[in-house]
Amino acid sequence: MIITSTVSPALKICLQYLGMWPNVPHSTIYWLSFMLSILIMQYFQYLYVFKHYDINELANVADALTLTLDYSLTFFKLISLWIHRRVFHQILIDMGNDWRECMNFDQHLCVMQIKANIAHFCSNAMLSINATVTVFYFLGEYMIDLIFLTEDSNDTMRHFPIKTEFSDVTQQSPFFELLFVILLIQTMLHAIAVGTINGLIFTLVFHISGQIDIMCHKFRNITKGALHKSSEGLFGMLIERHNRIILFSKNIESLFSIIALMQVVCNTLVICCLGFVIIISIHNYTGVFVLIKTVAGYFVIMTEAFLICFAGEYLCLKSNLLGSAIYETMWYDMPADQSKLIIFIIMRCQKQLTITAGNMIDMSFETFTSIMKASVSYISVLNAMH
């Protein structure tokens, strides 16, 4: 099957369910229903945190707060996407125009199909991994509760895998089983929403990288013949394509800048909670299962931060390659009017394309390294103080 879109079919279905895809009937109802389900879940999660907030239950509260903050992060991410949905719709229009233009050139189409294959693989992998990890996390928490229940014969309460505060009537059958299934479905939908947002970032970045590769290819081909004949029209097309790439990058920045900022802030808070739980579990031999679950959660959170930092680093790298490809041409042997155009493009390439966290921090490997250093330092301090 010939690929004609950078957005994978699975990612498109998820975006339609979240109400983000244009021209979908009742998309607002889909978005509101999902957001309402998260709000209801958040109410019972924060109710559990406030009710169990005690010096003797700090480890338990910190563990509950980790998933609670992750739900809150997803909630605000979806709000940000909904606010900027017009920008997203414009991005989809630009992507469709780019693909229609590539249909006339086999080599350009081949480049975009390679990028689309990578984007499809990454999107499907993120959705699958998120769903699988959620199931293991859900059932793993349930097994921990069963183990602790058998060790403590005085505890007759049946605990839910996700720390939420419900009334006593939910302990009775069939309310407990029904609520168990509802919680499982809700956590699966939450994981799919997180995978959708991460997959969308990768999809847009790979699309613009394909356009940059096409522009680099055009420069390598036209400069040989441009030395002896006028190519002002062709250079004008290249400038127009470069402007489209810049505009596309700005739209990506508008769409994900606030999301990246929320990701950095939430990761800092979650790392503090997870670090506290890890240190408590290390010094408590009965908490080995909690330790394994917490460490797994820590790597999941750090992986989510790594994904957006990788996308920003990759976008920055591709923009640098574009400037290098233009500079390596024989622009100094061209007619003055054409060389000036090339110089202007090179000067514009000095301003790198990137994804920032609230227009304050560039999302790059350097930022991810700083987050990792901060988390390790925090855990080391807690371990020394314990």
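Buried means under 20% relative accessible area. Keep that cut-off in mind as you visit the close-up views below, all taken from a predicted model.

**Figure 1. Ser209 is a buried residue of helix H6.**
Let's put the cut-off to work. Ser209 lies in helix H6. Its relative accessible area is 1%, so Ser209 counts as buried. Which residues does Ser209 touch, leaving aside its neighbours within four places in sequence? They are Lys115, Tyr314 and Lys318.

**Figure 2. Lys318 is a buried lysine of helix H8.**
Stay with one of the partners from the previous view. Lys318 lies in helix H8. Is Lys318 buried or exposed? With a relative accessible area of 8%, Lys318 is buried, because that value falls under the 20% cut-off. Setting aside residues up to four places away in sequence, Lys318 touches Ser209 and Lys115, and also Ile212 and Asp213. Lys115 is likewise among the contacts of Ser209.

**Figure 3. Asn198 sits in helix H6 and touches Glu304.**
Here is another residue of helix H6, Asn198. Its relative accessible area is 7%, so Asn198 is buried. Not counting residues up to four places away in sequence, Asn198 touches Met126, Glu304 and Leu307. How far apart are Asn198 and Glu304 in sequence and in space? In sequence they are 106 residues apart, yet their C-alpha atoms are 7.7 Å apart in space.

**Figure 4. The largest nonpolar core has 87 residues.**
Now step into the nonpolar interior. Which residues have the most contacts inside the largest nonpolar core? They are Leu78, Phe88, Leu204, Phe256, Ile326, Ile355 and Met363. Helix H6, which runs over residues 175–222, gives the most to this core, with 17 residues. A second core, separate from this one, has 7 residues, including Ile3, Trp99, Leu109 and Ile214. Back in the largest core, take a look at Phe256. Leaving out residues up to four places away in sequence, Phe256 touches Leu81, Ile197, Leu200, Ile201, Leu204 and Thr356.

**Figure 5. Tyr17 and Phe34 form an edge-to-face aromatic pair.**
A pair of aromatic rings is described by the distance of the centres and the angle of the planes. The count for this model comes to 14 aromatic pairs. In the pair of Tyr17 and Phe34, the ring centres are 5.8 Å apart and the planes are at 70°. The planes are over 60 degrees apart, which means the pair counts as edge-to-face. Tyr17 belongs to helix H1 (residues 9–17) and Phe34 to helix H2 (residues 27–51), with their positions 17 residues apart in sequence. The two differ in exposure: Tyr17, at 35% relative accessibility, is partly exposed, whereas Phe34, at 2%, is buried.

**Figure 6. Trp21 and Phe88 form an edge-to-face pair.**
These rings are 6.4 Å apart centre to centre, with 70° between the planes. Where do the two residues lie? Trp21 is in the loop between H1 and H2, while Phe88 is in helix H4 (residues 85–102), and they are 67 residues apart in sequence. Trp21 is buried at 15% relative accessibility, and Phe88 is buried at 1%. You have already met Phe88 among the residues with the most contacts in the largest nonpolar core.

**Figure 7. Aromatic residues form a cluster, and an arginine lies over a ring.**
Phe202, Phe206, Phe306, Phe310, Tyr314, Phe365 and Phe368 make up one aromatic cluster. Tyr314 will look familiar, as one of the contacts of Ser209. In a separate close-up, Arg85 lies over the face of Trp82, at 4.2 Å from the ring centre.

**Figure 8. The second largest cavity has a volume of about 60 Å³****.**
How many cavities of 30 Å³ or more does a search of the whole structure find? There are 3. The second largest is lined by His242, Ile245, Ile246, Ser319, Leu322, Arg348, Cys349, Lys351 and Leu353. Helices H7 (232–282), H8 (288–327) and H9 (336–349) are the elements that give two or more residues to this lining. H7 gives the most, with 3 residues.

**Figure 9. The whole protein has 10 helices and 2 strands****.**
Finally, zoom out to place the close-ups in context. Along the sequence, the pattern reads α-α-α-α-α-α-α-α-α-β-β-α. Of the 386 residues, 49% count as buried. Among contacts between residues at least 6 apart in sequence, 79% join residues at least 24 apart.

Terms used
Residues are numbered from 1 along each chain as its sequence is written. This is a predicted model: local features need pLDDT of at least 70, side-chain atom pairs count only at pLDDT 80 or more; totals for chains, interfaces and linings use all residues. Side-chain values use heavy atoms; hydrogens and water are left out. A nonpolar core is a set of buried Ala, Val, Leu, Ile, Met, Phe, Trp, Tyr and Cys residues joined through side-chain atoms within 4.5 Å. Buried means under 20% relative accessible area, exposed over 50%, partly exposed in between (1.4 Å probe, protein chains only). Helices (H or I, at least four residues) and strands (E, at least two) are DSSP runs, numbered from the N terminus. Contact means heavy atoms within 4.5 Å. Rings of Phe, Tyr and Trp (its six-membered ring) pair if their centres lie within 6.5 Å; planes under 30 degrees apart count as stacked, over 60 as edge-to-face and the rest as tilted. A charge sits over a ring if NZ of Lys or CZ of Arg is within 6 Å of the ring centre and within 35 degrees of the ring normal. On a 1 Å grid over the protein atoms alone, a cavity is a set of points where a 1.4 Å probe fits but cannot get out, and a pocket is an open set with protein on both sides within 12 Å along at least five of seven lines; lining residues have an atom within 4 Å of a point. Grid points are joined across faces, edges and corners, and a volume is the space filled by probe spheres set on the points.
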